[in-house]
Amino acid sequence: MQLGPAGGVRGRLGTAACLLLASGVAPARAAAPTPTPTQSPTPPKWQFEGSGLLYTEKKRASVIEPTGRITRFLSDGQILSATLGIDAITGASPTGAIPTTAIQTYTTPSGNVQTIPVGTVPTNKFKDARLSLDLGWEKPWGGWLTTTLGTHVSREKDYQSLGASGKLSLSFMHKLSTLTVGGGYNRDGVFPTGGTRAPLSDGTVIVGTGTNRKTVSTVLVGASRVLTRRWMIGVNATRTTERGYLTEPYKVISVVDSLAGDPTGDLLTENRPASRDRRDVLLSSVYHLDTGVLYASDRYYWDDWGIRSNTLDLRYRHELEEHRWIEPHARYYIQTRANFFRYFLLDGEPLPDYVSADSRLGPLQSLTLGGTFGFQVKDRPGEWAIRAEFLVQWGKAHPAEAFGNQVMTNMSPPVGVGSVVVLYTLKF
Amino acid sequence: MSPALPIDQPDAGGSSLSRVEDYYLGRFTAMAGPCQVLVETDDRAEAADLVRIAREEALRIERKFSRYRNDNIVHRINRSEGRPVPVDEETAHLLDYAATCFEISDGMFDVTSGVLRRAWTFDGGERVPSEALVRELLGRVGWGRVTWDGGALVLPAGMEIDFGGIGKEYAVDRAAGLAASRTGRAFLVNFGGDLFASGERRGGRPWGIGVDDPGRTGRATVMRIELVQGGLATTGDARRYVMWRGRRLGHVLDPRTGWPVEGAPRSVTVLAGTCVEAGTLSTLAYLQGPAAREFLEGQDIRFWVF
């Protein structure tokens with residue numbers, strides 16, 4: 001017997017089930033959105049920009065991140081700015097251990113039900129706050145050269161960062177083209193809570209209680225060119241060198257039984273190389289339409305850990321009447337895995353020099369969809385914007401190395417994160 | 001395989017609630033089977049509230065749609081002797097759904113097929129009904145002979161309807177919907193093996209679901225499924241079957257022949273957006289007999305067949 005075209009049954013059933021359940025309450029499903037830029041155009045003397053996260057759906061960690069930036073525009077074209085950010089983070093982040101195979105309940109054709117508690121908790125609960133301050137100074141020299149200097153300092157419970165950056169922008173051909181060169185240097189300190197644990201160990205051995213150094217230096221070259229009255233393109237290349245303690249202090253990797261693939265219960269701390277060279281090239285385009293602006297960019301990234309990634313980003317800002325605007329946004333990201341990324345280690349195998357099960361170093365893709373709505377409140381100063389975005393990130397559910405019982409487990413369950421951010425800009 | 005089962009603390013109202021790891025487990029009996037509600041919260045009162053809501057909804061649906069009662073809409077329809085029976089909105093929605101299922105399954109999914117079960121005893125024995133009895137009962141089966149205009153149902157005398165094929169799944173989705181409207185916590189509703197999970201647990205963890213080995217129900221797990229969001233349902237012949245000429249015939253009857261479906265897998269588990277959908281798809285797949293897997297492969301869903 002035939003049940004009509006393949007897939008058709010599912011579609012019609014889905015609709016029918018929806019109608020059935022819509023009669024009262026339907027199973028809840030949330031949707032939502034990520035953080036924020038602001039635009040800063042025509043300078044009066046002062047500008048204040050504030051943003052805050054209104055809502056996030058992310059279940060792993062919730063971040064409250066109010067930021068405030070105050071900018072002073074001087075009459076000779078100099079711009080001074082100060083940005084203060086506070087992130088309060090609570091939640092749990094995946095430790096790197098493979099997804100739990102704990103069974104909470106059963107499905108059976110006979111209606112028989114039982115519960116067997118098994119415990120595996122592959123997350124670290126944490127609570128942290130981060131405070132950061134950025135200062136900037138931009139100065140034009142004649143009509144063709146602009147210098148920008150900045151400093152950065154941030155501090156959280158187990159991490160601190162100090163940095164400085166500088167940039168030179170040259171414009172020529174009546175400002176139709178610009179050339180930018182710049183660089184930055186950061187000196188960071190990592191001091192894990194409870195001390196630094198020995199790499200590739202069960203974490204009981206503390207190898208140090210002091211600060212682990214990490215330096216990050218960046219050089220940047222960029223050019224942009226106005227092609228037509230409506231169209232501008234740009235290219236930027238950066239090279240970043242990281243040296244020092246690059247390991248994530250709390251991440252672990254599961255050791256699994258080499259026959260069944262089940263976790264033995266052993267978790268080893270990860271270990272990463274002490275240097276990383278990162279490069280990327282960004283191509284961007286800004287196109288002005290009659291009622292809006294289309295932004296498109298593509299970023300290609302590669303590093304000597306073996307990660308290559310590509311980011312495609314599209315935004316379209318559409319002007320509505322009465323100073324209102326909407327900006328839909330879509331972004332797609334894909335990355336290959338680092339060469340020392342592993343989902344697990346086999347019980348008894350010789351330990352590799354470097355290994356990490358951090359999903360951020362694994363093969364992953366993400367898609368972000370969202371939009372911003374900007375408006376002004378009548379008879380009130382300033383401009384408001386509300387941004388809602390939803391990000392879904394997924395890895396390989398069934399990677400080639402999965403074996404035994406892992407084959408039936410999604411090794412990288414997709415993660416969805418939604419957020420709503422409110423932005424406020426006031427010029428005075 | 002059953003370490004430290006939690007000690008139940010009986011609650012008022014026929015359910016019990018116990019703490020297991022980082023969630024509360026509520027248990028009660030409804031629709032002739034064991035039911036569970038798992039709530040990931042540290043707040044006992046909240047968990048108790050959700051369990052109570054789920055239980056009340058399960059019992060409400062059971063009372064309203066069970067064919068074993070004589071005080072509900074199903075009884076009124078089945079005793080209507082061909083007179084039109086006006087129905088309430090919820091019943092209308094279920095009948096609409098049943099009509100759709102009948103249509104898309106080419107008559108294999110039929111809410112009027114319940115009478116066929118009178119001929120069969122699926123006790124693992126070897127009794128099969130006479131040809132004459134099956135033929136007589138088949139004469140009382142067929143949604144095509146029912147008049148359903150969306151407001152009133154006309155069921156010819158001698159025929160019966162039975163929401164048994166979707167009732168439990170419907171109760172799962174309803175209970176889950178009510179719970180979701182009350183909490184943002186991750187929870188899982190399991191009514192006799194038909195489940196709905198409400199979303200990621202803390203730390204992004206899924207719920208772990210064990211699928212029973214159809215041959216050794218309640219003792220061995222065939223595998224585990226990680227469920228974050230959606231409905232999961234299983235159709236199979238675990239315990240209810242008859243042996244006939246050396247063949248094992250499961251309890252799912254083909255309303256066109258009056259006989260159990262032959263050549264079907266021992267068990268079909270489907271994951272879909274809702275439990276109702278999952279249950280209907282697993283039943284439809286099972287009804288395909290040997291082509292169950294092929295059918296599911298065409299549906300763009302996750303499934304497990306044994």
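In the hairpin formed by β3(B) and β4(B), where two residues lie between the strands, Met31(B) adopts a positive phi near 50°. This hairpin belongs to a predicted model, for which the scores are ipTM 0.73 and pTM 0.51. The two strands run antiparallel, and seven bridges join β3(B) to strand β4 (residues 33-39) of chain B; within this pairing, Leu25(B) has Leu38(B) of β4(B) as its bridge partner. On the other pairing of β3(B), strand β2 (residues 16-20) of chain B is joined to β3(B) by five bridges, again with the strands running antiparallel, and here Leu25(B) of β3(B) stands opposite Ser18(B). β2(B) and β3(B) likewise form a hairpin with two residues between them, and Glu21(B) in the turn has a positive phi of about 45°. Since six of the eight residues of strand β3 (residues 23-30) of chain B are buried, this strand is largely enclosed by the rest of the structure.

Confidence in chain B is described by a mean pLDDT of 85, with 91% of the residues of the chain reaching 70 or more. Within chain B, the highest confidence is found in strand β8 (residues 187-191), at a mean of 94, whereas the lowest is found in strand β1 (residues 9-10), at 43. Over residues 1-12 of chain B the pLDDT is below 50, and this stretch has 27 contacts in the model beyond near neighbours in sequence.

A further sheet of chain B is open and consists of three strands in the order β5-β7-β6, with antiparallel pairing. β5 (85-86) and β6 (147-148) of chain B stand at the edges and have a single partner strand each, so that one side of each is left without a neighbour in the sheet. β6(B) is joined by two bridges to strand β7 (residues 152-154) of chain B, and Thr147(B) is placed opposite Val154(B) in β7(B).

The loop between α2 and β5 of chain B contains Ser80(B), and Glu81(B) is found in the loop between α2 (73-78) and β5 of chain B as well. Ser80(B) is buried, with a relative accessible area of 3%, whereas Glu81(B), at 52% relative accessibility, counts as exposed because the cut-off for that class is over 50%. Residues up to four places away in sequence being left out, Ser80(B) touches Val85(B) and Leu155(B); Ser80(B) also lies 9.6 Å from Met159(B), C-alpha to C-alpha, although 79 residues separate the two in sequence. The phi of Glu81(B) is near 50°, a positive value in a residue other than glycine. In chain A, Asp379(A) also has a positive phi, of about 65°, although Asp379(A) is not a glycine. Asp379(A) is placed in the loop between β21 (364-375) and β22 (383-394) of chain A and counts as exposed, at 74% relative accessibility.

The largest cavity encloses about 50 Å³ of space, and the residues lining this cavity are Met408(A), Thr409(A) and Asn410(A), together with Arg224(B), Ile225(B), Glu226(B), Arg302(B) and Trp304(B). The elements that contribute two or more residues to this lining are β11 (221-227) and β16 (302-305) of chain B, and β11(B) gives the most, with three residues. By residue class, the lining of the largest cavity divides into three nonpolar, two polar and three charged residues.

How values were computed. Residues numbered from 1 in each chain as written. Chains lettered and ligands numbered in written order. Predicted model: local features only at pLDDT ≥ 70, side-chain atom pairs only at ≥ 80, totals over all residues. Heavy atoms only, no water. 1 Å grid on protein atoms, 1.4 Å probe; cavity = no way out; pocket = protein on both sides within 12 Å on 5 of 7 lines; lining within 4 Å. Points joined across faces, edges and corners; volume = space filled by probe spheres on them. Helix = DSSP H or I, 4+ residues; strand = E, 2+ residues; numbered from the N terminus. Nonpolar A, V, L, I, M, F, W, Y, C, P; charged D, E, K, R; others polar. Pairing = 2+ DSSP bridges. pLDDT = per-residue confidence, 0-100. Contact = heavy atoms within 4.5 Å. Buried < 20%, exposed > 50% of the residue type's maximum accessible area, 1.4 Å probe, protein only.
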